[in-house]
Amino acid sequence: MSADGFSGGPPPGVRPDWTIDQGWDSYSQAEHDVWITLYERQAKVLQNRACDEFLRGLDALDLHRTGIPDFNRINDELQRLTGWSVVAVPGLVPDDVFFDHLANRRFPAGQFIRKPNELDYLQEPDVFHDVFGHVPMLTDPVFADYMQAYGKGGQRALGLGRLANLARLYWYTVEFGLMATPAGLRIYGAGIVSSRTESIFALEDPSPNRIGFDLERVMRTPYRIDDFQQVYFVIPSIQTLQEVTLRDFSALYERLAGAGDIGIAEIVSADQVLTRGTQAYANAGGRLASAAG
Ligand code: HBI
Ligand code: FE
């Protein structure tokens, strides 16, 4: 069993690179209706909350309101814009497979969609999290370069045993990243834009810390997958992500080997603090406690 919990090859009916046919014709109207409900909700809540690059991507790909997009259709436009394409997978795939797809400008998207009774949270990334959350940003050339560089970096990190550090970079940028703009803080992370509650929480709730992005700091900061974030990292522009990829990661990994983690709700002296969270949330251990509190 490898570190990511996968052992052996793909399940029956899944290709060696873990892709499957999307089978767009096989989606039921009920499944399209789930997409429409989620799309309508998010399109409303993301006005003045998502960054311009995301909103432009949503329009460019016309992730249309009439249901789950056909990957073949959005790939025509996506490939023209940045050379990326979306490939269908049954769910989470092994890390090495995931990185190989990203390194070749293929974004693996869950083929299934969540059930009507799990609109607000689900364990595995489904087609709404992946295609609505991640794909619009791939229409931005600079972000598209970053994602490919991330895939190549992931392949190297696997070889160096530094995947945990690199996964934090993905988590605090691609999944839960915020951006400072002249109009104020905006969201670009897929985990936030695909969640109605977190789209509001990430920008407006006083409880989490919001700290200026620093590569080494992010790589020393663990994260939780089952609750709102207790810290968000803020980039000044998408170009910052591109500069990250030009860093010498081996020297960085050396330093990280000797440096310990930084507590998820901690603030350290070197931090560029944009908003200091109310510790009530952090100490209480998350949303459920604070909701009860
Ligand atoms: N597989 N389909 C899929 N989607 C992901 O986001 C994903 C994955 N496998 C591994 C993975 N993410 C993470 O472990 C890496 O980001 C480190
Ligand atoms: Fe994701």
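Colleague: With helices (H or I, at least four residues) and strands (E, at least two) taken as DSSP runs numbered from the N terminus, where does V231 sit?

Modeller: V231 belongs to strand β6, which covers residues 231-235. Before going on, bear in mind that this is a predicted model, in which local features need pLDDT of at least 70 and side-chain atom pairs pLDDT 80 or more, while totals for chains, interfaces and linings use all residues. Residues are numbered from 1 along each chain as written, chains are lettered from A and ligands numbered from 1 in the order written, and side-chain values use heavy atoms, without hydrogens or water.

Colleague: Fine. Is V231 buried or exposed?

Modeller: V231 is buried, because its relative accessible area is 1% and buried means under 20%, exposed over 50% and partly exposed in between (1.4 Å probe, protein chains only).

Colleague: And how far is V231 from R276 in space?

Modeller: From C-alpha to C-alpha, V231 and R276 are 9.4 Å apart, although their positions lie 45 residues apart in the sequence numbering.

Colleague: Let's move to the ligand. Which residues surround ligand 1?

Modeller: The shell around ligand 1 is made up of V89, G91, L92, V93, D95, F98, F99, A167 and Y170, where a residue is near the molecule if one of its heavy atoms lies within 4 Å.

Colleague: What about polar atoms, say at G91 and V93?

Modeller: In both cases the protein partner is in the backbone: a nitrogen atom of ligand 1 is 3.0 Å from a polar backbone atom of G91, and a nitrogen atom of ligand 1 lies 2.8 Å from a polar backbone atom of V93. With D95 the partner is in the side chain, where a polar atom is 2.9 Å from an oxygen atom of ligand 1.

Colleague: How much of ligand 1 does the protein bury?

Modeller: The protein buries 85% of the 380 Å² that ligand 1 exposes when taken alone, with accessible areas from the Shrake-Rupley method and a 1.4 Å probe.

Colleague: Which elements give two or more residues to that shell?

Modeller: Those elements are α4 (95-103) and α7 (163-175), and α4 supplies the largest share, with three residues.

Colleague: How many residues of α7 are buried?

Modeller: Eleven of the 13 residues in α7 are buried, which leaves the helix mostly covered. Among them are Y170, which also belongs to the shell around ligand 1, as well as L163, N165, R168, W171 and E175.

Colleague: And α5, why is that one said to be largely enclosed?

Modeller: Helix α5 (residues 127-134) is largely enclosed by the rest of the structure because eight of its eight residues are buried. The list runs V127, F128, H129, D130, V131, F132, G133 and H134.

Colleague: What is the relative accessibility of H134, and where is H134 relative to E243?

Modeller: H134, which lies in helix α5, counts as buried at 3% relative accessibility. Its C-alpha atom is separated by 20 Å from that of E243, a residue 109 places away along the chain.

Colleague: Changing topic: which side chains does T19 contact?

Modeller: The side chain of T19 makes a polar contact of 2.8 Å with the side chain of R15, and another of 2.6 Å joins T19 to the side chain of D17. A polar contact here is a pair of N or O atoms within 3.5 Å; within protein, one must be able to donate a hydrogen and the other to accept it, and residues adjacent in sequence count only if both atoms are side-chain atoms. T19 lies in the segment before α1 (29-45) and is buried, with a relative accessible area of 6%.

Colleague: What is the phi of W18?

Modeller: Phi of W18 is near 70°, a positive value in a residue other than glycine. W18 lies in the segment before α1 and is buried, with a relative accessible area of 8%.

Colleague: And N48, buried or exposed?

Modeller: N48 counts as exposed at 61% relative accessibility, and is found in the loop between α1 and α2 (52-60). Although N48 is not a glycine, its phi is positive, at about 65°.

Colleague: Last one: where is S195, and what does its side chain contact?

Modeller: S195 sits in the loop between α8 (190-193) and α9 (196-204), where its side chain makes a polar contact of 3.3 Å with the side chain of T197. With a relative accessible area of 12%, S195 is buried.
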